[in-house]
Each structure stands twice: as structure tokens, then as C-alpha cells.
Amino acid sequence: MKLAMHMKVGQSGKEGFAAWRAGKSFLGVCALGIGALLAHGGPASAQTALQSLQQNRQNVEWTDNFDIATENITEVNSSAPTLSPETADYIAVAIDRYQRIVQAGGWGTVTGGGKALRIGAKDPRVVELRRRLIASGDLEQQAGLSDAFDSYVEAALRRFQLRHGLIPDGVMGNDTVQALNVPAHVRLGQLETNLVRMRSMSGFLGDRYVMVNIPAAEIEAVENGRVRSRHTAVVGKIDRQTPILNSKIYELNFNPYWTVPVSIIRKDLIPKMKEDPEYLSKNNIRIFDWSGNELAWQQIDWNTDEATQYRFTQDPGAENSLGSVRINFHNKHQVYLHDTPSKTLFGESQRFHSSGCVRVQNVRELVTWMLQSTTPDWNRTRVDSVIRTGEREDVKLKKSIPLYMTYVTAWANADGVVHFRDDIYARDDVLATETQARL
């Protein structure tokens, strides 16, 4: 079932499209099957089929499937890791190509404003769009410069959007126009800056590791030099940044309690309690002193920072901010990877919402992979079963897994596809300045 809903990395476009079609039609097939049973097998058989469907729905992370419609564009999502030893070479090739674009005068801009353009539209701006997509290699030159927004333009725009971390809806809206209008020399600068980054990480990273690319808000689980799975992430806000670090994952907490960090007590919890004194009870958060005694919210002066002197703990459950599992790694920043009850955030293109921790899409798939290779008596069925109990369970990995939390805003793959992401924490200019100073 999972394989039908998600094309595995490395499938051909035809196979990927078939997988997508299979997943897309699953509910319709099930509905037809139940209807047939009602006609031929009676209500009892139909009830059994319905129960089976419900059970399948419980076993699949339905709310996490945000990327199904674009998985057949295989060249964009290479099975090679972002931190592949060859990535620096691919970036160097891309730099040569973008230098030629810049020397030729760059690419034109697309007029913004007005209503979004989509397939079927006829508009003078489509000519600008075609010219821009041809310049960056997303649209073939023989597609021409018609003012019609046809299926070729839509496919090319989706490809552009995927390369820039945008929602690949094939619609020319404001966010897409902004990305289209970033000058070629700026993109060239990003490639040059990230070539330095990649060369600094060109050593052996391990047979198995997890990589978090913060600007892309994306996670890769890598095994034997290939991406085993990719996961959409939610990372830190601009004023609460996710740290760049190398560490090792050593433990998983299923159905965890959440101890609210002092920074969040000060910045979030105190203001929310001023607005709504029932906030703690609504979110199953309890207050303790450091001797373990529980306090009532009325015992605290919320007009001061007194609350920061106590421990606030959120019980496991559907509203727990860590979701069903927390992934621990050694670091001084008190951050971790974790699930989340707010899964709709994974469907956004700008996923910078956390206070520094990293929220993981399809977290059960990731932790099952971690456990199967280090603690073999675990599998997906057992992971689902433990989460279903709602009871806290801590699992130490028998072998820790390297974790690299990186900051990569431009990279390229073997197919010549070049990816760009916004320099959300404004670190590109800093690195470029430092590099020039060393030269």
C-alpha cells in the first residue's frame, strides 16, 4: 500500500506515474469493491471489506502525502544524496553553464501582478514566461514564444517550481514570479558559494546517515551512497534558527512527554496564558517545581517571568507538540527531530515555523529505517503498535547514526538539474565574504 502511494527513488517516470495512478485510484477501487460485495456478497461481506479499508487507512500516514502528483518527474529528485562526493563536480559544471548565461546578458523578467496564470490562459506574460523558462533550460526552445499557456508550459513551470522548492502546482502566482525574477548573476553567486560548502564536506560521511538541509527544509536518509527516503521538514524561524551541526542520533522516544524550553515559556507560553488562562489545560500542559510538586496556574504571576522558574510538561497524546516520536542526538542547543500534530505545515513551500527543532514528515518511515539496521527486532508493524498504545517507550539505538544538519542553498545532480533555495538565514553572503577574505 505504501509503495503504491509513494514512488521509490530511481523508478522511471512511466513507473512513477503508474504508482501515482494506483495510489490516486485506491479509494475509488475500494468503493467499487464494497459496492460489488453489497450486490453479490451481502452486507456482511461489505462490512468486512469496509473494516479492512479502515484498517488500511489507519496504517498509512495519509495526511503526509503532499508530493504524489510530481513524483514522476524523476530527474529532479535524484537518488544520489545532496552531499554526494560528486555533487561538487556537478555544481562546477552548473557554474560554467550559468557563467555563460550571465555573459549572454542573463534572462529576462516576468511581469508580476494581475491574476495568476495557469493552463488554458492566453496572455502576453506567457511569452515572457516561455522566454524565461527556455533560458534556464526548463522549457525546450522549439516550444516557441506563443502567448498560450499550454501543457508544455505547465510541465516546464512545474519543473522550475520543483527546482526552487515551490509548490509544483503549475500556476504562475506571486511566489513563482519572485523566483523567476531572481537575476542569473545572483543564482551564479549561490552556486559559487555552495561549491565551497560542498568541498568542505567531501569526505566519507558514513555508510548510513541522516542529512537535514535547512534552507530546503528537507531530510535525506542515506544508505550505501543512495537516498533511501526523503522527508519534507519544518525548520526554525528566522529569529529561532535551526543550528548547523554534525552529531549522532542515539535514541528514540515513542509517545514522548514534552518539557517546554525556557525560551518558549518566555516567548510563547506566558503571552498565551495572558490571553487565555485555560491555555495550559486545553493543551494538557502541567506545571511542576524542581522538587516534582505540581502547581496550579493561579500560583504564578503571569505578568512577570516567574513562570520560567518552573518546569512545564505536556503529556503524550494527539496534541503533544512532539507528536508520536522524538529523535534524540547529542547537541548543546536542546534541539531534536520529531513528529508533529500540525502536519498541514508540510504542504507549504515556506516551512520555517519551528523554534529550532526539526519536524519530520512520514516520521514512522524514517524511524523504522533507523531501527531495522541498528536494532533488528524492530519493524514498521512494531513501530505502529507502540505508537498506538500511547505509552512512553524509549529505545536506544544499538549503533548511533551520523546526523548532518547542513545549510545548502544551491546544488546540482548528475542529470544537470540545478536546485536553488532561499538564503533564509542570510548565511550565503557571510560565507562568500569569508571566502574572499581568505583569498
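This is a short tour of the structure above, stop by stop, with something to select at each one.

**Before you start**

The model is predicted, so local features need pLDDT of at least 70 and side-chain atom pairs count only at pLDDT 80 or more, while totals for chains, interfaces and linings use all residues. Residues are numbered from 1 along each chain as its sequence is written, and side-chain values use heavy atoms, with hydrogens and water left out.

**Stop 1: the whole protein**

Show everything as a cartoon. You will find 14 helices and 15 strands. Here helices (H or I, at least four residues) and strands (E, at least two) are DSSP runs, numbered from the N terminus. Of the 439 residues, 48% count as buried; buried means under 20% relative accessible area, exposed over 50%, and partly exposed in between, with a 1.4 Å probe and protein chains only. A contact means heavy atoms within 4.5 Å. Among the contacts with a separation of 6 or more, 66% join residues 24 or more positions apart.

**Stop 2: helix 6**

Select residues 124-135, which form helix 6. The expected span of a helix is 1.5 Å times one less than its number of residues. For the 12 residues of helix 6 that gives 16 Å, and the end C-alpha atoms are 18 Å apart, which agrees.

Now add D123. It caps the N-terminal end of helix 6, with a side-chain oxygen 2.8 Å from the backbone nitrogen of R125. After helix 6 comes G137, whose phi is positive, near 85°.

Which residues of helix 6 are buried? They are R125, V126, V127, L129, R130, R132, L133 and I134. Show helix 7 (151-163) and helix 8 (174-180) as well, and you will see what these buried residues pack against.

**Stop 3: E220 and R230**

Select E220 in strand 2 (residues 218-223) and R230 in strand 3 (residues 226-236). Their side chains are joined by a polar contact of 3.2 Å. A polar contact is a pair of N or O atoms within 3.5 Å; within protein, one must be able to donate a hydrogen and the other to accept it, and residues adjacent in sequence count only if both atoms are side-chain atoms.

Is E220 buried or exposed? At 1% relative accessibility, E220 counts as buried. Leaving out residues up to four places away in sequence, E220 touches P81, T82, Y209, V210, M211, V227, S229 and R230.

Keep R230 on screen and add A80: the backbone oxygen of A80 lies 3.3 Å from a polar atom of the R230 side chain. You can also pick the C-alpha atoms of R230 and V210, which are 20 residues apart along the chain and separated by 9.8 Å.

**Stop 4: two positive phi angles**

Most residues other than glycine have a negative phi. Select A217, in the loop between strand 1 (208-213) and strand 2. A217 is not a glycine, yet has a positive phi of about 50°. A217 is buried, with a relative accessible area of 1%.

Next, go to Q334, in the loop between strand 9 (325-329) and strand 10 (337-338). Q334 is not a glycine either, and has a positive phi of about 60°. At 64% relative accessibility, Q334 counts as exposed.

**Stop 5: the second largest pocket**

Select W258, I264, S321, S355 and R359, the residues nearest the centre of the second largest pocket among the 34 that line it. The pocket has a volume of about 770 Å³. Helix 10 (262-275) and strand 11 (352-354) are the elements that give two or more residues to the lining, and helix 10 gives the most, with six.

On a 1 Å grid over the protein atoms alone, a pocket is an open set of points with protein on both sides within 12 Å along at least five of seven lines, a cavity is a set where a 1.4 Å probe fits but cannot get out, and lining residues have an atom within 4 Å of a point. Grid points are joined across faces, edges and corners, and a volume is the space filled by probe spheres set on the points.

**Stop 6: a cavity**

By this rule there are two cavities of 30 Å³ or more. Select L83, S84, P85, T87, A88, M198, M201 and S202, which line the second largest cavity. About 30 Å³ of space lies inside.

**Stop 7: helix 12**

Finish with residues 363-374, helix 12. Nine of its 12 residues are buried, so helix 12 is largely enclosed by the rest of the structure. Those buried residues include W369 and M370.
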